[in-house]
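Q: Please take a close look at one part of this model for me. I would like to follow a single sheet, its strands and what lies around it.

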Amino acid sequence: MTFPMRHLTVLSAGLGVALLLGSCEKAAPYLDKVKKALDRETEEEIAARQPKPPTEIPPPPAPVKMELVINKEARVSVLGYHDFTEGASSNDMILNVADFRSQMQAIRDAKLPVISMRQFLDWKQGKADIPAQCVMITIDDGWKATHTLALGVLKEFGYPFTVFLYKNYIHIGGRSLTHDEIREIAASGGTISSHSVSHKNLSSRGGRSPAAYDAWLREELVESMRFLEENYGDTGAVVKTFAFPFGIYNDRVLELAREAGYEACFTVNGKKTTWEIEDMEIGRYVVHGTTLANFDPALDFGGGAVTTGGRRLLAEQTSADGAAAGPLVTVKPDANTVLGNRLPLIEVDLSKLQGVDPASIILRVSGFGRVAHTYDPASGRLAYQIPQRLRVETCAVQLSFRHAGSKQNESIGWTFRIDPLADYLSSEATAPGKSDPVAEKEESAALSPPTATPSL
Ligand SMILES: [Zn+2]
């Protein structure tokens, strides 16, 4: 135990007097006084115990740790295009631009967001989230029609896209893209990535020794990217991904692509990309000019997110007689809707599920982490009001729960989006403007960190 300084002062003074008095009998009552003085609180101590005056500014709240929610059940359809024409499609690799426009419209009609290569990679790398179901557009080879025909349509829809270019077919005249056209593509939402140097089948050794084969593969993988960086790196649009010519590769190609530092490589196997799919073997639906055989399945997500429990809780169910029975779980805001409101109420109807254990329910929301929802077991209704304006444009929600007596979790995940312009306009309509002190106060409140209270 340590003695506060004032105690020491009083003590030493008391002892001094006591020593001075020596064995005098008067010393005993004096020491009693000293003892009382030691037990008594000072005025400062008493003041310190009083509640602080209300005028004092409270200290800022401790920063809340933001928890990034990645929707690992999201799925992406990557589309692969090649060349375009205004005339009839004479072969599979050349698509009529009017058909291309209808396909872009079909993506919009299906309410499927189109994401950029960077968004795709950030999701795969666990850095940012994407909508539960979305599309990515890629165009291979660097045909001039990418600029003269497709670019206008992509700009019209405002879709991001990626062009995979091979060095030997850049700015060489004829139907190849010029440097200026590539720069214009980069400035119009296009990501520039590599499609090799020579566009040869990388899996074919062509009689080379193992060492010569490796050297050749390294040239195709490394030099192609170096060339793109050198010529277009300043646009900020070059991203280190690779599309295998003809979609063909082998294990050695994959090893050297990894060694070359590629963030992802693309094949032509038409399948949805899930979070677990190997980054060096991302599938693509190659869209043919003469048939929709690949395009239609790319847009078919089967409705609703897949649950980890194996059931598709958000998908339309069919009753025994074949009639539509609606999904098992309904959510609001609906998956992939675009809201003009940054303070939505999240609602989940679990009433069709039997025996959900209320204590097992965990709700997580982008930017807020685990949140304190309300749940009424009688109605099966779960709700959570977003407490502070969402600052993200895509909000992911994840809900997990168990059934009473079961150890297995079921979960659903979905995303909805915020339209920043609509939100801005609606807040302009209701708020008198920034000069209004009340509006300013609300604005600053919206910027303070959200307080997330863990639920049970
Ligand atoms: Zn190609």
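A: Start with two terms. Helices (H or I, at least four residues) and strands (E, at least two) are DSSP runs, numbered from the N terminus. Two strands pair if DSSP finds at least two bridges between them.

Now the ground rules. This is a predicted model, in which local features need pLDDT of at least 70, side-chain atom pairs count only at pLDDT 80 or more, and totals for chains, interfaces and linings use all residues. Residues are numbered from 1 along each chain as its sequence is written, and side-chain values use heavy atoms, with hydrogens and water left out.

Take a small example of pairing. Strand 12 and strand 14 (residues 345-349) run antiparallel and are joined by three bridges. V331 has V348 in strand 14 as its bridge partner. These two strands belong to an open sheet of four strands, ordered 12-14-18-17, with antiparallel pairing. Strand 12 (330-332) and strand 17 (374-376) stand at the edges with a single partner strand each, so one side of each has no neighbour in the sheet. On average, neighbouring strands of this sheet are turned by 10° against each other, direction ignored. Such angles come from axes, which are lines fitted to C-alpha atoms, for helices over the stretch in contact; angles run from 0 to 180 degrees between N-to-C directions.

Now the main sheet. Seven strands form an open sheet in the order 8-7-6-5-4-1-9, and the pairing is parallel. Strand 8 (264-266) and strand 9 are the edge strands, each with a single partner strand, so one side of each is left without a neighbour in the sheet. At one edge, three bridges join strand 7 (residues 238-243) to strand 8. There, T241 stands opposite A264.

Move to strand 1 (residues 75-81). Seven bridges join strand 1 to strand 4, and the two run parallel. One pair is G80 with its bridge partner T138 in strand 4. Two bridges join strand 1 to strand 9 (residues 285-286), also in parallel. Here L79 stands opposite Y285.

How covered is strand 1? Seven of its seven residues are buried. Buried means under 20% relative accessible area, exposed over 50%, and partly exposed in between (1.4 Å probe, protein chains only). R75, S77, L79 and Y81 point one way from strand 1, while V76, V78 and G80 point the other way.

Strand 5 gives a closer view of one residue. T162 is found in strand 5. T162 counts as buried because its relative accessibility is 0%. Leaving aside residues up to four places away in sequence, T162 touches M117, I137, T138, I139, T191 and S193. Contact means heavy atoms within 4.5 Å.

Helices lie across this sheet. Helix 4 lies across strand 1 and strand 4, running at about 175° to strand 1. Helix 5 (residues 117-124) lies across strand 1, strand 4, strand 5, strand 6, strand 7 and strand 8, and runs at about 80° to strand 7.

Next comes helix 6 (residues 145-157). At 1.5 Å a residue, its 13 residues should span 18 Å, and the end C-alpha atoms are 17 Å apart, which agrees. The expected span is 1.5 Å times one less than the number of residues. Helix 6 bends by about 45° at L151. The bend at a residue is the angle between axes fitted to the seven residues ending there and the seven starting there. Buried residues of helix 6 include A145, H147, L151 and F157. Their cover includes strand 2 (83-85), helix 4 (97-109), strand 4, strand 5 (161-165) and helix 7 (179-187). Just after helix 6, G158 takes a positive phi of about 70°.

Finish at the zinc ion. Its protein donors are D141 (OD), H195 (NE2) and H199 (NE2), lying 2.0 to 2.1 Å from the ion. Donors are N, O and S atoms within 2.8 Å of the metal (3.2 Å for Na, K and Ca); water is not among the atoms, so sites may look incomplete. In sequence the donor residues are spaced D-x53-H-x3-H. D141 lies in strand 4 (residues 133-141) and H199 in the loop between strand 6 (190-194) and helix 8 (210-232), so the pair ties together parts that are 58 residues apart in sequence. D141 and H199 are both buried.
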